[in-house]
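The following exercises are to be worked with the sequence and the model at hand. Each task is followed by a solution in steps.

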Amino acid sequence: AKTRGRNRVELFDQALADAVEVEAAQQRFLRDALREERMVMHFQPLVHAHTGSIVGYEALARVRTVGGEIVGPDRFLAPHIPADLMYALDSAAFEQSCAAAAELAQLHPQSPPYVSCNLSASTLSHRGLVDMITATAERHLVSPTQIWIEVTENAAFSSGPGSFESLTVIPRCAF
């Protein structure tokens, strides 16, 4: 009722029950995948428009099912993910992105491409954000030019002013 507007009454019917069950199943699937370290990152090349050279990679989270199938966010991102679960997903994605950035720096020491990692609105307002980002980047010896944090307009505006304050105090990352 709340998502459809204020001062409404909605009846709990079978369609709503089915939607709730699907969302709960997606959340269980994601929790299990994170606990069992079945989240994997795919890296989409970002190409310079004039030179055609690869300048960076966008990190895309995927999850491996128990049967080995790789599935996209439509299968594991429920519409209403609890903040703690979203933070765990973003932390795991940032960890793998930093590891990839460190590997790329070894392969291309003269001009390492960057890795761009998305963060959700709930993670942007998480009080552990700065510590997570700086500790992870330092652990992988990633320089500010190698790891970028990508923030969508929606995430930036829905996470509140605290997220901007957090992002401005992260000294080692580029935006």
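**Exercise 1. Two residues with positive phi**

Is Glu-37 buried or exposed? Carry out the assignment for this predicted model, and then compare the backbone and setting of Glu-37 with those of Leu-141.

Solution.
Step 1. The relative accessible area of Glu-37 is 69%. The cut-off for an exposed residue is over 50%, so Glu-37 is exposed.
Step 2. Glu-37 is placed in the loop between α1 (14-35) and β1 (39-47).
Step 3. Most residues other than glycine have a negative phi. Glu-37 is not a glycine, yet has a positive phi of about 55°.
Step 4. Leu-141, likewise not a glycine, has a positive phi of about 55°. Leu-141 is found just after α5, in the loop between α5 and β5.
Step 5. With a relative accessibility of 71%, Leu-141 counts as exposed.

**Exercise 2. Overall architecture**

State how many helices and strands the protein has, and in which pattern they follow one another.

Solution.
Step 1. The count gives seven helices and five strands.
Step 2. Along the sequence, these elements follow the pattern α-β-β-β-α-α-β-α-α-β-α-α.
Step 3. Of the 175 residues in the protein, 38% are buried.
Step 4. Among contacts with a separation of 6 or more, 69% come from residues 24 or more positions apart.

**Exercise 3. The aromatic pair**

Determine how the rings of Tyr-114 and Trp-148 are arranged, and which parts of the chain they connect.

Solution.
Step 1. A search of the whole structure yields one aromatic pair.
Step 2. The ring centres of Tyr-114 and Trp-148 are 3.8 Å apart and the planes stand at 5°. Planes under 30 degrees apart count as stacked, so this pair is stacked.
Step 3. Tyr-114 belongs to strand β4 (residues 114-118), and Trp-148 to strand β5 (residues 147-150). The pair therefore ties together parts that are 34 residues apart in sequence.
Step 4. Tyr-114 counts as buried at 14% relative accessibility, whereas Trp-148 counts as partly exposed at 31%.

**Exercise 4. Cysteines and the buried side of α5**

Decide how many disulfides the model contains, and identify the residues that Thr-136 touches.

Solution.
Step 1. A disulfide requires two cysteine sulfur atoms within 2.5 Å. For Cys-117, the nearest cysteine sulfur is that of Cys-98, 7.7 Å away, and Cys-117 is in no disulfide. The count for the model is zero disulfides.
Step 2. Cys-98 is buried, its relative accessible area being 0%. Cys-117 also counts as buried, at 1% relative accessibility.
Step 3. In helix α5 (residues 129-139), the buried residues are Leu-129, Met-132, Ile-133, Thr-134, Thr-136 and Ala-137. The relative accessible area of Thr-136 is 3%.
Step 4. Leaving aside residues up to four places away in sequence, Thr-136 touches Phe-94, Glu-95 and Cys-98.

**Exercise 5. Contacts across the sequence**

Establish whether Ile-81 is buried or exposed, and which residues it touches. Then find the distance in space between Asp-84 and Ser-122.

Solution.
Step 1. Ile-81 lies in the loop between α2 and α3. Its relative accessible area is 17%. Buried means under 20%, so Ile-81 is buried.
Step 2. Not counting residues up to four places away in sequence, Ile-81 touches Gln-27, Leu-30, Phe-76 and Met-86.
Step 3. Ile-81 and Gln-27 are 54 residues apart in sequence, while their C-alpha atoms are 7.0 Å apart.
Step 4. Asp-84 lies in helix α3 and is partly exposed, with a relative accessible area of 48%. From C-alpha to C-alpha, Asp-84 and Ser-122 are 8.6 Å apart, with their positions 38 residues apart in sequence.

**Exercise 6. The second largest pocket**

Describe the volume and the lining of the second largest pocket.

Solution.
Step 1. The volume of the second largest pocket is about 220 Å³.
Step 2. Its lining consists of 16 residues, and those nearest its centre are Ala-61, Leu-77, Leu-89, Asp-90 and Asn-118.
Step 3. Two or more lining residues come from each of β2 (54-64), α2 (73-76), α3 (83-107) and β4.
Step 4. By character, the lining comprises twelve nonpolar, two polar and two charged residues.

Conventions: Residues numbered from 1 in each chain as written. Predicted model: local features only at pLDDT ≥ 70, side-chain atom pairs only at ≥ 80, totals over all residues. Heavy atoms only, no water. Buried < 20%, exposed > 50% of the residue type's maximum accessible area, 1.4 Å probe, protein only. Helix = DSSP H or I, 4+ residues; strand = E, 2+ residues; numbered from the N terminus. Phe/Tyr/Trp six-rings, centres within 6.5 Å; stacked < 30°, edge-to-face > 60°. 1 Å grid on protein atoms, 1.4 Å probe; cavity = no way out; pocket = protein on both sides within 12 Å on 5 of 7 lines; lining within 4 Å. Points joined across faces, edges and corners; volume = space filled by probe spheres on them. Nonpolar A, V, L, I, M, F, W, Y, C, P; charged D, E, K, R; others polar. Contact = heavy atoms within 4.5 Å.
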